[in-house]
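Open the model in your viewer and keep the sequence panel beside it. Each stop below tells you what to select and what to look for.

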Amino acid sequence: MKILTVDDDADLLALVGFALTQAGYAVVKAADVPEALRVFDAEAPDLVILDINLPSGSGFDACRAIRQRARTPVMMLTVRGEESDLVKALEIGADDYLTKPFSPRTLLARVKALLRRAGMEAGGPMTAGALSLDLDGLSLAIGEVPPVRLTKLEARLLQILMANVGHVVGTERLLVHVWGRRGSGDRQLLKQLVHRLRHKVEVDPAQPKYLQTEPGAGYRLDVGTETQR
C-alpha cells in the first residue's frame, strides 16, 4: 500500500513518513503542488495526505487536480480550525480532514479507516453495484449468483477498478497496483489478466458489461444500475 504525503514542513513530512513506514506502508513525498501532482502521476499512490498550506498553490488546488485524475482517497491536513476550511475541503472532494497538531497514532487510525472505507484494506467486502469483492477470501459475488474464485492478481485488479468505479484507470497505474511496477513490456500481461477475469465475471466475455477497455487509456469498471448478473 503506497501513500503520498505532501507538506512543505520538512520535519513534519519526515515524522509522518516515518510513522507510516513503521506501520508497513510505502511512502512517497512532495513539498509543493507541482511536485505533488508529478509524484501522484508517476507513483499512483493508494492514498494522499495533503497539507492545505503549500507553496506554488494550495492543498485545495492539488485536491481538485487529483479529483480530475482519480478517486484516490485524500486526507487534508491544516493548522486551521475554521469550519469553512472543512466544508471547502469536503466540497472539492477530500475524504477526511485532520487538524494539526496530531499524534502519529491518531493519523494511523484515520489512514486505516479511510483505506478501509475505500475498500483498500481488510474490513468487509468491497461493493460496487451488484459486485461484492471479498479480498481476504479471494472471491467475487455478482448479485445472487454463487461467488467465483479469484487469483490474487485478479482480486487486486478488481480492487482498484472498484475503488474508481465509473472512471478510467490508466494502464500505468494498474500495472503499479497489481504488480508493483510499470513498463510497456507488462501491458500484455495486463491484457491477459483482464481477458481471464472477463471469463469469470462476464456473461459474454466478447461483449463485456463490467470490464470496459478504454483504447489508449486503460480500463473502466461499469456497474450501471443493474443489481444482478
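A residue is called buried when its relative accessible area is under 20%, exposed when it is over 50%, and partly exposed in between. Keep those cut-offs handy for the whole tour. Remember too that this is a predicted model.

**Stop 1: helix H1**

Select residues 10-22, which form helix H1. At 1.5 Å a residue, these 13 residues should span 18 Å, and the end C-alpha atoms are indeed 18 Å apart. Now colour Leu12, Leu13, Val16, Gly17, Ala19 and Leu20, the buried residues of H1. They cover an arc of only 165° around the axis, which puts them on the same side of the helix. A general rule helps here: an α-helix has 3.6 residues a turn, so residues three or four places apart point the same way.

What covers that buried side? Show strand S1 (2-6), strand S2 (26-30), strand S3 (47-51) and helix H5 (104-117), which are included in the cover. Then turn to the other side of H1, where Ala10, Asp11, Phe18 and Gln22 are exposed. Glutamine 22 has a relative accessible area of 59%, so it passes the cut-off for exposed.

Check both ends. At the start of H1, a side-chain oxygen of aspartate 9 comes within 3.0 Å of the backbone nitrogen of aspartate 11. Just after H1, glycine 24 has a positive phi of about 100°.

Before leaving, pick glutamine 22 and histidine 199. Their C-alpha atoms are 40 Å apart, with their positions 177 residues apart in sequence.

**Stop 2: the cores**

Select Leu131, Leu140, Leu150, Leu157, Leu161, Leu174 and Leu221. These have the most contacts inside the largest nonpolar core, which has 30 residues. Strands S6 (126-128), S7 (131-134), S8 (139-142) and S12 (218-221) each supply at least two residues of this core, and so do helices H6 (152-163), H7 (171-179) and H8 (187-201). Which helix gives the most to this core? H6 does, with 7 residues.

Zoom in on leucine 221. Among the residues leucine 221 touches are Ala128, Leu161, Met162 and Tyr210. Apart from this core lies another, of 25 residues, including Val6, Val33, Phe40 and Ala65.

**Stop 3: tyrosine 210**

Tyrosine 210 sits in the loop between H8 and strand S11 (211-214). Is tyrosine 210 buried or exposed? At 4% relative accessibility, tyrosine 210 counts as buried. Its side chain makes a polar contact of 3.2 Å with that of lysine 209.

**Stop 4: unusual backbone**

Most residues other than glycine have a negative phi, and most peptide bonds are trans. Look for the exceptions.

- Select lysine 100 and proline 101: a cis peptide bond joins them, with omega about -5°. Proline 101 is in the loop between strand S5 (96-99) and H5.
- Select serine 56: its phi is positive, near 55°. Serine 56 is exposed, at 55% relative accessible area.
- Select leucine 138: its phi is positive too, near 50°. Leucine 138 lies in the loop between S7 and S8, and its relative accessible area of 18% makes it buried.

**Stop 5: salt bridges**

Side chains of opposite charge can pair when their charged atoms come close. The structure holds 11 salt bridges. Visit three of them.

First, select aspartate 41 and arginine 69, which meet at 2.8 Å, N to O. They link helix H2 (residues 33-43) to helix H3, 28 residues apart.

Next, select aspartate 95 and arginine 67, whose closest N and O atoms are 2.8 Å apart. Aspartate 95 is in the loop between helix H4 (83-91) and S5, while arginine 67 is in helix H3. Why does arginine 67 count as partly exposed? Its relative accessibility is 22%, and buried would need a value under 20%.

Then select glutamate 154 and lysine 200, a salt bridge of 2.7 Å, N to O. This pair links helix H6 to helix H8, 46 residues apart. Glutamate 154 is buried, with a relative accessible area of 2%, whereas lysine 200 is partly exposed at 27%.

Finish with Asp7, Asp51 and Lys100, joined into one network by salt bridges that share partners.

How values were computed: Residues numbered from 1 in each chain as written. Predicted model: local features only at pLDDT ≥ 70, side-chain atom pairs only at ≥ 80, totals over all residues. Heavy atoms only, no water. Helix = DSSP H or I, 4+ residues; strand = E, 2+ residues; numbered from the N terminus. Expected span 1.5 Å × (residues − 1). Buried < 20%, exposed > 50% of the residue type's maximum accessible area, 1.4 Å probe, protein only. Arc of directions from axis to C-beta. Contact = heavy atoms within 4.5 Å. Polar contact = N/O pair within 3.5 Å; in protein donor to acceptor, adjacent residues only side chain to side chain. Core = buried A, V, L, I, M, F, W, Y, C linked by side-chain atoms within 4.5 Å. Salt bridge = Lys/Arg side-chain N within 4 Å of Asp/Glu carboxyl O.
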